[in-house]
Amino acid sequence: QVQLVESGGGLVQAGGSLRLSCTASGTIFSMDTMGWYRQAPGKQRELVATITTGGRTNYADSVKGRFTISGGNAVNSVSLQMNSLKPEDAAAYYCYASVKLAWGREYDDYWGQGTQVTVSS
């Protein structure tokens, strides 16, 4: 019904930058929030950053001042600019979207398949 396709992961040296992008497609009536979560091996999935259709952003404390999220409902896409990357930022990054498929339906959560970010020290 809704597909989230991510791109932009890869290998970067500590202090470097990467930009992740995600585009949503499918039966989308409206969208509430898009964002990024990450999961490192042996750890729980955690919020990185989200943005609402109104443009309100939310960041994990660990990425504030280094990561910038942009996009949202208008073009059904979201990007994450990651600067000053640290080894502890290495993880699989997952795109997230809260989507309503039709009028009167509730919002459902959708996830991308993940893109790997590796940061070498």
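This report describes the fold, surface, charges and two chosen residues of one protein.

**Overall build**

The model is predicted. The protein has 11 strands and zero helices. Read from the N terminus, its elements therefore run β-β-β-β-β-β-β-β-β-β-β. The radius of gyration is 14 Å, close to the 14 Å that the globule rule gives for 121 residues, so the protein is as compact as a globular protein of that length. Along the principal axes, the C-alpha atoms fill a box of roughly 50 × 25 × 20 Å.

Contacts reach along the chain. Take those in the protein with a separation of 6 or more: 56% of them link residues 24 or more positions apart.

**Inside and outside**

Of the 121 residues, 43% are buried. The accessible surface of the protein is about 6,400 Å². Carbon and sulfur atoms hold 45% of that surface.

**Charges and salt bridges**

The protein carries 10 positive and 9 negative charges. The mean positions of these two sets lie 4 Å apart. Side chains of opposite charge can pair when their charged atoms come close. Five salt bridges occur in the structure. The table gives three pairs, with the distance between their closest N and O atoms.

| Salt bridge | Closest N and O atoms |
|---|---|
| E46 and R38 | 2.7 Å |
| K64 and D61 | 3.1 Å |
| D108 and R105 | 3.7 Å |

How exposed are the partners? Begin with the pair E46 and R38. E46 is partly exposed, with a relative accessible area of 36%. R38 has 6% relative accessibility and is buried, because buried means under 20%. This bridge therefore joins a partly exposed residue to a buried one.

In the pair K64 and D61, the acid D61 has a relative accessibility of 64%, so it counts as exposed.

In the pair D108 and R105, D108 is partly exposed at 27% relative accessibility. R105 is also partly exposed, with a relative accessible area of 40%. Some bridges share partners: R38, E46, R66 and D89 are joined in this way into one network.

**W36, a buried residue in strand β4**

Where does W36 lie? It belongs to strand β4, which covers residues 30-39. Is W36 buried or exposed? Its relative accessibility is 0%, so W36 counts as buried. T115 is 79 residues away from W36 along the chain. In space, the C-alpha atoms of W36 and T115 are separated by 11 Å.

**K100, a buried charge without a salt bridge**

K100 sits in strand β9, made up of residues 91-100. K100 is buried. Which side chain of opposite charge is nearest to K100? That side chain is E106, at 7.0 Å. K100 has no salt bridge.

What does K100 touch, leaving aside its neighbours within four places in sequence? The contacts are I28, F29, S30, R105, E106 and Y107. One of these, R105, forms the salt bridge with D108 listed in the table. Another contact, S30, falls at the start of residues 30-39, the span of strand β4.

**In brief**

The protein is built of 11 strands and zero helices. It holds five salt bridges. R38 and E46 share a network with R66 and D89. K100, by contrast, is buried and has no salt bridge.

Key. Residues numbered from 1 in each chain as written. Predicted model: local features only at pLDDT ≥ 70, side-chain atom pairs only at ≥ 80, totals over all residues. Heavy atoms only, no water. Helix = DSSP H or I, 4+ residues; strand = E, 2+ residues; numbered from the N terminus. Rg over C-alpha atoms; globule rule 2.2 N^0.38 Å. Buried < 20%, exposed > 50% of the residue type's maximum accessible area, 1.4 Å probe, protein only. Contact = heavy atoms within 4.5 Å. Areas by Shrake-Rupley, 256 points an atom, 1.4 Å probe, with all protein chains shown as cover. Lys, Arg positive; Asp, Glu negative; His and termini not counted. Charge placed at Lys NZ, Arg CZ, Asp CG, Glu CD. Salt bridge = Lys/Arg side-chain N within 4 Å of Asp/Glu carboxyl O.
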